[in-house]
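Me: I would like to go through a protein model with you. Could you please show it first?

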Amino acid sequence: MWRWAIIGSFVIAAFITPSIDPVTQAAVAIPLILLALRLDARASSRLLPRGAFSFGNIVGSGLWIAFALMMASYSFATYGPVLLQTLHGVPATLAGLLLSTAALVRPLAYPIALVAGLSAAYHLVEAHPDTE
């Protein structure tokens, strides 16, 4: 649900802003996302758990790690071919082929990460049964 709220915020920002400048669109989209987070915090039935973006609990830390990995992954997928071509002299076809293998492996990595995360969460709960 939150994925659609963030995407919707950027789509609305794209329609509101008069230019195609991404900085202007982000300047409109970020307040919309913050408004959605604030409304969620006040709702009786929340979409995100309490402390979702806090480094002090496992849920918040996990969300920040997932966000950082996603940003790194998409940044490399966007600029990786250019970096490979410019810095290392790799032909364009080979650079695209190298990054397409990463796109093929990514769906296999998600279930592995899910199982590893659930296993770690189970062991944390087992070690500290009186914490939330």
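Reply: The following turns discuss confidence, secondary structure, surface and some residues.

Me: How was the model obtained, and what are the ground rules?

Reply: This is a predicted model, in which local features need pLDDT of at least 70, side-chain atom pairs count only at pLDDT 80 or more, and totals for chains, interfaces and linings use all residues. Residues are numbered from 1 along each chain as its sequence is written, and side-chain values use heavy atoms, with hydrogens and water left out.

Me: What is the average pLDDT of the protein chain?

Reply: The average is 76, and 83% of the residues score at least 70. Here pLDDT is the predictor's confidence in each residue, from 0 to 100.

Me: Which element has the lowest mean pLDDT, and which the highest?

Reply: Helix α1 (residues 2-16) has the lowest, 71, whereas α3 has the highest, 82.

Me: How many helices and strands are there?

Reply: The protein chain has four helices and zero strands, in the order α-α-α-α from the N terminus. Helices (H or I, at least four residues) and strands (E, at least two) are DSSP runs, numbered from the N terminus.

Me: On to the surface. How much of the chain is buried?

Reply: Of the 132 residues in the protein chain, 13% are buried. Buried means under 20% relative accessible area, exposed over 50%, and partly exposed in between (1.4 Å probe, protein chains only).

Me: And what is the accessible surface of the protein chain?

Reply: It comes to about 10300 Å², and 74% of that belongs to carbon and sulfur atoms. Accessible areas come from the Shrake-Rupley method with a 1.4 Å probe; for residues, only the protein chains shown count as cover.

Me: Is Met 71 buried or partly exposed?

Reply: Met 71, a residue of helix α3, counts as partly exposed because its relative accessibility is 42%.

Me: What about Thr 86: buried or exposed?

Reply: Thr 86 is exposed because its relative accessible area is 60%. Thr 86 is found in helix α3 (residues 58-88).

Me: Which backbone oxygen does its side chain reach?

Reply: The side chain of Thr 86 reaches the backbone oxygen of Val 82 at 2.8 Å.

Me: Last one: where does Ser 73 lie?

Reply: Ser 73 lies in helix α3 and is partly exposed, with a relative accessible area of 25%. The C-alpha atoms of Ser 73 and Ala 103 are separated by 9.8 Å, and the two residues are 30 residues apart along the chain.

Technical notes:
Polar contact = N/O pair within 3.5 Å; in protein donor to acceptor, adjacent residues only side chain to side chain.
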